[in-house]
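Okay, my turn. Today I'd like to talk through the empty space in this one, so let's put it up on the screen.

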Amino acid sequence: MKTKALYTGSFDPLTNGHLNIIERAAKLYDELTIGIIVNPSKKCVFSLDERKDMIEESLRHLKNVRVDCFSGLLARYVNANGFNVVVRGLRATMDFEYEIQMAQMNARLFDETVETVFLMTDPKYSFISSSMIKEVHSLGGSIEGLVPGEIIRKMDELIGDK
Ligand code: COA
């Protein structure tokens with residue numbers, strides 16, 4: 001049976017921490033979908049189309065990875081699209097409490113064949129979040145090495161325009 005995995009998030013923007021999880025998950029599963037969520041509780045700097053373009057450009061080297069967007073309940077999207085695995089990254093103990101709650105609630109909502117699988121974030125990236133990246137960048141600090149180069153270029157362009 002082919003394993004279809006999903007890695008989801010707001011990705012506003014994608015960071016090297018996300019990329020590290022994606023590259024590892026792409027080796028573990030036959031197909032990996034990056035599901036960009038329209039999260040009404042988060043005010044995103046980049047539009048959905050901008051995030052999708054930036055992610056696609058950064059993932060060109062990964063042949064079994066595609067990018068999609070969705071809104072609403074994660075479990076509905078997972079069940080409707082026949083995913084077997086939902087991959088989550090754990091950066092530190094601070095993520096654990098939130099993630100276990102979410103995984104346990106999702107376990108009730110997912111079809112029986114779906115599992116949540118956790119990958120530990122590479123310690124090089126365990127301190128970063130998309131919000132921190134945006135803050136440092138908007139104040140003129142360097143985000144070199146923390147975000148794919150093509151995304152830094154796009155952030156320079158887009159933030160200059162906004
Ligand atoms: N490296 C670097 N940063 C990381 C990271 C990693 N490996 N993993 C997570 N992060 C960062 C993200 O960039 C994000 O930063 P931000 O808050 O500054 O934007 C932060 O950690 C939180 O990430 P995440 O938990 O993935 O949040 P999200 O908003 O990107 O995604 C969903 C949240 C999509 C998983 C969750 O809201 C959801 O499932 N929503 C759907 C509605 C639903 O079904 N609700 C019921 C759930 S039981």
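**Pocket and cavity**

So, the largest pocket: β1 (4-9), α1 (16-28), α3 (74-80), β4, α4 and α5 (130-138) each give at least two residues to its lining. Helices here are DSSP runs of H or I with at least four residues, strands are E runs of at least two, and both are numbered from the N terminus. Quick housekeeping: this is a predicted model, where local features need pLDDT of at least 70 and side-chain atom pairs pLDDT 80 or more, while totals for chains, interfaces and linings use all residues. Numbering starts from 1 along each chain as its sequence is written, and side-chain values use heavy atoms, with hydrogens and water left out.

On terms, we use a 1 Å grid over the protein atoms alone: a cavity is a set of points where a 1.4 Å probe fits but cannot get out, a pocket is an open set with protein on both sides within 12 Å along at least five of seven lines, and lining residues have an atom within 4 Å of a point. Points join across faces, edges and corners, and volume is the space filled by probe spheres set on them.

That pocket holds about 980 Å³. It has 39 lining residues, and the closest to its centre are Gly 9, Ser 10, Lys 42, Arg 88 and Tyr 98. α4 gives the largest share of the pocket lining, 8 residues.

Now, how many cavities of 30 Å³ or more turn up in the whole structure? Just 1, with a volume of about 50 Å³. Its lining includes Arg 88, Glu 99 and Phe 118, and α4 again has the largest share, 4 residues.
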